[in-house]
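Thanks, everyone. I would like to walk through two contacts today, taking them one after the other.

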Amino acid sequence: MLKVEQLSKRLGDFIISDVSFDVAEGEYFVLLGASGVGKTVLLETITGILTVDSGSIKLNGRDITHEKIQKRDIGLVYQDQALFPHLSVRQNIAYGLKSRSHNRSEINNKVNALAVEVEVTHLLERKPTTLSGGEAQRVALARALAVQPKCLLLDEPLSSLDLGSRSEMRALLRRINRKKITMIHVTHDYEEAISLAMRIGIMENGKIVQVDTPRQIFQHPKSEFVARFIGIRNFFWGELIKNKHSPDKSAEFVTSGLQLSVLTDEEPGEGNVIIRSEDVTVSTEPYSSSARNVFEGTIVDIATARLGIEIIVDIGVEIAALITQDSVNKLGLGYGKKVFVSFKASAVKFIKA
Amino acid sequence: MQIQKRIEPLHLIFAALGGVVLLFFVAPLLNMIFKCSAGQLIETAQDSEVQRSIWLTLFTSMAATLVFSVVAIPFAYILARKNFPFKQLVNGIIDIPIVIPHSAAGIALLGIIAPDTIIGRIGETFGIKFVGGYGGIMVAMAFVSLPFLINSARDGFAAVPERLEKAALNLGAPPMRVFFTISTPLAWRAILSGLILMWARGMSEFGAVIIIAYHPMITPILIYERFGAFGLKYARPVSVLFIGICLLFFVIMRVIATRKNSA
């Protein structure tokens with residue numbers, strides 16, 4: 001659908017070089033990278049706000065590398081929304097429609113429908129400066145969607161929001177994507193990426209170093225950036241079931257026949273859990289502790305990691321534990337040995353999909 | 001925490017200096033006003049020559065501002081947005097009318113709009129009389145006052161975040177629409193204040209206009225003529241009347257401008 005080939009651009013301190021990736025129709029693609037690696041520059045070249053130094057951008061086979069901004073059919077939601085401060089919310093959303101010379105009642109109907117979709121109906125007559133971050137983000141989204149872009153680019157759409165509106169916004173983004181709108185979302189937050197992405201592209205130093213599914217990316221990192229989240233070796237898909245009788249926020253997570261205790265604020269539903277391998281303890285005897293998750297399994301792999309030794313234990317699923325060489329020696333760990341792995345419910349992080 | 005309200009002696013001295021400056025501006029004006037009797041003022045206001053010259057001044061300065069704003073405002077936009085070779089030189093050229101003597105500006109202008117020049121002849125075929133005509137008055141006023149509009153509008157456009165224009169383009173709006181619906185409304189306060197400044201400056205112009213068009217007589221020239229022909233006593237009421245009208249219009253425009261912006 002969108003195909004970026006060997007794109008290069010130098011802009012002051014920001015350099016993107018030789019970036020290639022393609023995004024399928026209806027896909028939710030997340031570009032993940034630390035700040036300052038050129039993610040925004042990449043988005044701006046795709047929208048045409050910046051010209052490219054070399055390379056090409058194709059949209060549905062049409063070469064749009066040198067197309068004018070206003071003719072690209074690629075929507076962009078800015079990190080700071082860039083709402084027009086002198087226009088009302090209604091006029092902001094209607095702005096793009098007016099360029100396409102719809103008649104007045106048609107524009108009104110469209111604006112109203114979009115306002116319902118992003119839940120800003122009560123704000124339509126307000127000025128953007130009076131909106132909260134979450135409200136402004138919704139308006140910016142509606143404004144971009146109004147012109148029915150073939151592809152929607154989102155620059156850190158959740159970064160200016162508080163925690164509560166963040167999960168609402170994630171749900172909204174997913175809902176929009178389900179309407180077959182192709183999305184490219186830029187973020188530095190790996191949880192956000194895991195939560196939304198069908199595929200993730202990892203950006204580092206102006207290059208895309210890996211493109212894959214969230215699971216592959218975090219289990220088999222090809223870059224330093226991802227490797228820093230080394231604990232994310234343990235990455236499981238499943239369903240969260242709330243424990244109604246629980247006095248705290250504990251819940252059960254079910255994956256491949258295994259049931260984990262989880263502490264989470266999230267509502268029940270499907271999603272991923274991640275458990276950092278440093279949080280997983282290996283012992284030869286079951287012992288009582290505060291860890292709610294204790295499983296028996298067999299060691300299937302032992303490997304030297306960047307820090308310490310990584311032990312893979314099969315407990316129904318394969319789980320990685322990061323321990324020291326000293327522990328390996330003292331416990332006499334080896335292939336095929338039966339061990340117990342334990343980790344606290346609070347070490348299990350649930351990321352709702 | 002309470003902000004300390006201790007008075008710094010140095011600042012008292014500065015404030016006193018400020019008082020001297022204000023007095024310097026206000027005292028001559030007040031002196032002039034008090035030396036005019038109400039009778040003189042009324043008599044002057046009824047003088048048809050004075051009336052005609054005031055209307056002429058208001059009309060030509062306003063027309064010059066509006067006509068030249070059509071070219072100046074888009075130019076200011078380019079100056080605010082684009083970088084090009086010799087941009088500093090261009091900015092310098094724009095300020096030339098501010099720094100040169102206005103009588104010299106009048107002489108320079110006369111050289112290219114006199115009846116025997118190309119521009120003079122073209123003007124004549126369209127019925128525009130420069131030397132000794134409205135066209136000449138407007139050109140002279142615009143020459144010396146246009147920099148105020150360009151500079152103010154340029155600063156106004158520069159303060160509009162470029163991102164907003166890009167966002168509008170991204171929504172499919174052609175550049176022309178972006179200019180009229182995003183850039184100009186957001187820079188409007190600065191553009192309007194530039195228009196008012198240009199108009200006020202044009203209205204008070206004397207040096208350049210007198211070279212090009214002694215007649216029809218704008219008020220600053222009328223004041224000068226009355227002073228030369230009849231003396232201070234006769235020049236004074238015209239001056240007071242004209243200053244009063246200028247200030248009145250200036251205040252009205254300012255009020256309209258601020259009201260429109262706060263709406």
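Let me begin with a salt bridge, in which A:Asp80 pairs with B:Arg163, the closest N and O atoms being 2.8 Å apart; please keep in mind that this is a predicted model. Across the interface of chain A and chain B the rule finds one salt bridge, and seven residue pairs are counted in polar contact there, both partners at pLDDT 80 or more. On the chain A side, strand E6 (74-77), helix H2 (89-99) and helix H4 (133-146) each supply at least two of the residues that touch chain B, with H2(A) giving the largest share, four residues. By class, that side has 12 nonpolar, six polar and four charged residues.

As for extent, the contact takes 22 residues from chain A and 18 residues from chain B, and the two chains bury about 1800 Å² between them, 62% of it on carbon and sulfur atoms. In chain A, the residues that lose the most area to chain B are A:Gln70, A:His86 and A:Tyr95, together 34% of what that side buries.

Now to the contact within chain A, where the domain assignment gives domain 1 (2-228) and domain 2 (234-352). These domains of chain A bury about 910 Å² between them, 54% of it on carbon and sulfur atoms, and on the domain 1 side A:Glu191, A:Ile194 and A:Arg215 lose the most area to domain 2, together 45% of what that side buries. The count between the two domains is two salt bridges, and A:Glu266 and A:Arg170 meet through their side chains in a salt bridge at 3.4 Å, N to O.

How values were computed. Residues are numbered from 1 along each chain as its sequence is written. Chains are lettered from A and ligands numbered from 1 in the order in which they are written. This is a predicted model: local features need pLDDT of at least 70, side-chain atom pairs count only at pLDDT 80 or more; totals for chains, interfaces and linings use all residues. Side-chain values use heavy atoms; hydrogens and water are left out. Contact means heavy atoms within 4.5 Å. Buried area is the accessible area (1.4 Å probe) that two parts lose on being put together, summed over both. A salt bridge is a side-chain nitrogen of Lys or Arg within 4 Å of a carboxyl oxygen of Asp or Glu. A polar contact is a pair of N or O atoms within 3.5 Å; within protein, one must be able to donate a hydrogen and the other to accept it, and residues adjacent in sequence count only if both atoms are side-chain atoms. Ala, Val, Leu, Ile, Met, Phe, Trp, Tyr, Cys and Pro count as nonpolar, Asp, Glu, Lys and Arg as charged, and the others, Gly among them, as polar. Domain bounds come from an automatic or database domain assignment.
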